[in-house]
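Student: Hi! Could we go through this structure together, one question at a time?
Tutor: Gladly, let's have a look.

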Amino acid sequence: GDMKNLRRYVELGGGLLVIGGEDSLGSGGYQGTYLDKHVLPVRMEIESEVQQATIAMILCIDRSGSMQGSKIELAKEAARATAEALGHDDKIGVFAFDNITRAIVRLQRAGNRYRIATDIGRLTAGGGTNIYPCMQQAYDALASVSARIKHVILLSDGKAPRSGIDALVNQMRRSGMTVTAVGVGAEVDRSLLEAIADRGGGRAYFTDRPETLPRIFVRETKEVSGESVVERHFRARYAPRVGRVDMLKGVDI
């Protein structure tokens, strides 16, 4: 509602100055929102100049009992946002684990938006925490598909047996796969997730605020796809009489 009011304000002649950094103007922030699509005169989404490499991504989502409530709901939102952030011909799978692993979304084209969102919606929490079987199934699924980029995002909020995980992640890395780990909550096994991300050639994220999970997942997806930042030289231009704008008085244009 506030963004729509901004649009009406601007259309009636109001001045709008938007300032922000990568958290607000980049992936997972205002990018793709009403502000981006209908108010600003520029687009935050970076247009690809070359065909993006095909991505196959699997999300390993902790569905243990401690994930019940807002954490599992926001994890589901993060999974849906990841599918939306991928290209139509990229592939995504969502595996959920407690004591055992279930393929909530089998590895498929991210373009199957409705089916993927519906299947994710059926995810519920309950049980223990066993990361290894989920990582093993993710490895097996990715090994069987052809994609230039093969990536796993692991989300957990608790402690899990470490046996076999180090060797498996090393094997994944040798097979050209990368692994990122996301920890949520105060009880997360930080050392384990850091080791997984380090061995897996990915990144480690930790948050006490489940509401940040969708932003983290989308930002990670953009990072993997190479769409988050384009660096090149450019020459800035400013409009004539810009110095007369009240909000810019005192700024050395």
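Student: In which helix is confidence lowest, and in which strand is confidence highest?
Tutor: This is a predicted model, in which local features need pLDDT of at least 70, side-chain atom pairs count only at pLDDT 80 or more, and totals for chains, interfaces and linings use all residues. Residues are numbered from 1 along each chain as its sequence is written, and side-chain values use heavy atoms, with hydrogens and water left out. The pLDDT is the predictor's confidence in each residue, from 0 to 100, while helices (H or I, at least four residues) and strands (E, at least two) are DSSP runs numbered from the N terminus. Confidence is lowest in helix H2 (residues 22–25), at a mean of 71, and highest, at 98, in S5.

Student: Over which residues is the pLDDT below 50?
Tutor: The protein averages a pLDDT of 88, and 89% of the residues score at least 70. Where pLDDT is low, the predicted coordinates should not be read in detail. One stretch has 7 contacts (heavy atoms within 4.5 Å) beyond near neighbours in sequence, yet its pLDDT is below 50: residues 48–53.

Student: What is the strand order of the open sheet?
Tutor: Strands of a sheet pair through backbone hydrogen bonds, either parallel or antiparallel. Here two strands pair if DSSP finds at least two bridges between them. The open sheet has 6 strands and mixed pairing, in the order S3-S2-S1-S4-S5-S6.

Student: Why is one side of S3 and of S6 left without a neighbour in the sheet?
Tutor: Strand S3 (101–109) and strand S6 (201–207) stand at the edges, so one side of each has no neighbour in the sheet, as each has a single partner strand.
From one strand to the next, the twist averages 10°.

Student: How many bridges join S1 to S4?
Tutor: Cys 60 stands opposite Leu 154 in S4. On the S5 side, S4 (residues 149–156) pairs in the parallel sense over 7 bridges with S5 (residues 177–184), and Val 152 stands opposite Val 179 there. Strand S1 (residues 55–62) runs parallel to S4, and the bridges that join them number 7.

Student: Is S5 enclosed or open, and how many of its residues are buried?
Tutor: Buried means under 20% relative accessible area, exposed over 50% and partly exposed in between (1.4 Å probe, protein chains only). Both faces of S5 are covered, with Met 177 and Val 179 among the buried residues on one side and Thr 178 and Thr 180 among those on the other. S5 is largely enclosed by the rest of the structure, because the buried residues number 8 of the 8.

Student: Through which helix does the chain cross from S5 to S6?
Tutor: S5 and S6 run parallel, joined by 5 bridges, and Ala 181 stands opposite Ala 204 in S6. The β-α-β crossover between them is right-handed, a term for a path from the first strand over the helix to the second that runs clockwise with the strands pointing away from the viewer. The chain crosses through helix H8 (residues 190–200).

Student: With which side chain does Asp 119 make a polar contact?
Tutor: Asp 119 is found in helix H5 (residues 113–121) and is buried, with a relative accessible area of 18%. A polar contact is a pair of N or O atoms within 3.5 Å; within protein, one must be able to donate a hydrogen and the other to accept it, and residues adjacent in sequence count only if both atoms are side-chain atoms. At 2.7 Å, the partner of the Asp 119 side chain is the side chain of Arg 122.

Terms used
Axes are lines fitted to C-alpha atoms, for helices over the stretch in contact, and angles run from 0 to 180 degrees between N-to-C directions.
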